[in-house]
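Got the viewer open and a hand on the mouse? Let's walk through this one stop by stop, selecting as we go.

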Amino acid sequence: MHFQWYPGHMTKAKRMMQEDMKLIDVVIELVDARVPLSSKNPDIDQLANNKYRVILLNKYDLADSAQTEKWKEYFEKQGYFVTMVNSKNGNGIRRVNDIVVTACKEKIERDRKRGILNRPLRAMVVGIPNVGKSTFINSIAGKAATKTGNKPGVTKGKQWIKLNKTIELLDTPGILWPKFEDQSVGLRLAFIGSIKEEILNIYELSIELIAFLSTHYKGCLNGRYGIEEQETAEGNLSAIAEKRACRLKGGELDLNKAAGFVTDDFRNGRLGNITLEFPPEVEETLTKAASE
Ligand code: G4P
């Protein structure tokens, strides 16, 4: 499968983000907890060069919690301030304010030494499409007291959400573009539904997904569909089609329909809590175990 992203969108998104970066102290980067690396665009490191950095592992309700913990440690080791959130139901949202303040401790201290008190920390949310940026902003803003805009000292046209006494959040997120240099990244983004359906071959996609699940989350297909797990991914898909009575007019198995069920069930968490990529240390252990 081949994945593409359109350069026109990319240039515009980048330009807008460069402008917004000038206004803020801290970048709140949302990644999808099921694919924390594939949903992260490293270009942000350059764009957010001198900013404090927070990573939110969003949609952690859908991911494997043991792996999410490991990813948290992984990013913390790299100097990020990290927490998990479920923007959809608000779990973990309360922790975000504290994390932002902790990330900006140095600046708060510096301001205090200079006698500057109560200067707000300004933050913006960034992330690739579909990672949950709008949902997150709505969730955190829902708890915030006021929205401010066009007041003195605030750039015209920009809306800031006052989260509390110390933090103001830009109300429009920065859209990062997915990085597709590596086809396996494209594949993982397709699994989570971040790539338009029209350009995907749903059959091939589900075969790749089933192969991954049978290796790393044994039993989850059986749990959902009550099938005897087969040797091959193709065999499993046929078994699922059979169980779900997916048939074409002539009575033949409708594998595309079954493929749709599997990908949809995965995306909505109905196959369980699943992480699609593992932190490098875990990956190493798995590779070693597989070669033994
Ligand atoms: P974006 O601005 O980054 O493009 O993403 P957006 O907020 O539109 O969210 C994309 C989808 O992800 C939405 O689902 C949203 O509900 C879902 N989502 C966001 N955060 C979470 C989370 O923490 N957990 C879960 N499970 N889902 C989350 P949708 O299918 O597009 O809409 P809907 O089903 O909510 O109506």
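Start with helix α6, residues 133–142: with 3 residues, α6 gives the most to the shell around the ligand. Bear in mind as you click around that this is a predicted model. Now show the residues around the ligand; there are 15, and Ser87, Gly132, Lys133, Ser134 and Thr135 come nearest. Colour that shell by class and you should get 8 polar, 4 charged and 3 nonpolar residues.

While you're in this area, pick Asn130, which sits in the loop between β4 and α6. Its backbone deserves a click: phi of Asn130 is positive, about 75°, although the residue is not a glycine. Most residues other than glycine have a negative phi. Is Asn130 buried, partly exposed or exposed? Asn130 counts as partly exposed because 17 C-beta neighbours lie inside 10 Å, and that falls between the limits of 12 or fewer for exposed and 20 or more for buried.

**Zoom out for a moment**

Reset the view and take in the protein chain. You're looking at 12 helices and 8 strands. The C-alpha atoms fill a box of roughly 75 × 40 × 35 Å along the principal axes. Of the 292 residues, 36% count as buried. Among contacts with a separation of 6 or more, 67% are between residues 24 or more positions apart.

**Strand β7 and its partners**

Next, select β7, residues 167–170. Which of its faces is covered? Both are: Ile167 and Leu169 are buried on one side, and Glu168 and Leu170 are buried on the other.

Add β4, residues 121–127, to the selection. β4 runs parallel to β7, and the two pair over 3 bridges. To find one end of that pairing by residue, look at Leu121, whose bridge partner in β7 is Ile167.

Then add β6, residues 159–162. Here the pairing with β7 is antiparallel, again with 3 bridges. Trp160 has Leu170 as its bridge partner in β7, while Ile161 is matched with Leu169. Follow the backbone from β6 to β7 and you'll trace a hairpin with 4 residues between the strands.

**Helix α7 and a buried arginine**

Move on to α7, residues 183–191, and pick out Arg188 in it. Is this arginine buried or exposed? Arg188 counts as buried, because it has 24 C-beta neighbours inside 10 Å, and 20 or more is enough for that label. Leaving out residues up to four places away in sequence, Arg188 touches Val35, Ser38, Leu276 and Glu277. Try a distance label on one of these: Arg188 and Glu277 are 89 residues apart in sequence, yet their C-alpha atoms are 8.3 Å apart in space.

Arg188 has buried company in α7, where Gly186, Leu187, Leu189, Ala190 and Phe191 are buried too. The buried residues of α7 pack against α8 and α11. After α7 comes Gly193, with a positive phi near 90°.

**Three helices, two crossings**

Two packed helices are described by the angle between their axes and the distance between the axes. Keep that in mind for the next two stops.

Select α8, residues 202–216, together with α10. Their axes cross at roughly 105° and come within 9 Å, which means α8 is roughly perpendicular to α10. Show side chains for the contact: α8 brings Ser206, Ile207, Ile210, Ala211 and Ser214, and α10 brings Ala233, Glu234, Asn236 and Leu237. By class, that contact holds 5 nonpolar, 3 polar and 1 charged residue.

Now hide α8 and show α11, residues 255–267, beside α10, residues 233–243. The angle here is about 95°, with the axes 9 Å apart, so α10 is also roughly perpendicular to α11. On the α10 side you'll find Leu237, Ser238, Ile240 and Ala241, facing Leu255, Ala258, Ala259, Phe261 and Val262 of α11. This contact has 8 nonpolar residues, 1 polar and no charged ones.

**Last stop**

Finish in the loop between α10 and α11, at Ala245. Its phi is near 50°, another positive value in a residue other than glycine. How many other C-beta atoms lie within 10 Å of Ala245? There are 10, so Ala245 is exposed.

How values were computed. Residues numbered from 1 in each chain as written. Predicted model: local features only at pLDDT ≥ 70, side-chain atom pairs only at ≥ 80, totals over all residues. Contact = placed C-beta atoms within 7 Å. Pairing = 2+ DSSP bridges. Axes fitted to C-alpha atoms, helices over the stretch in contact; angles between N-to-C directions. Parallel < 35°, antiparallel > 145°, perpendicular 65-115°, else oblique. Nonpolar A, V, L, I, M, F, W, Y, C, P; charged D, E, K, R; others polar. Near = placed C-beta within 6 Å.
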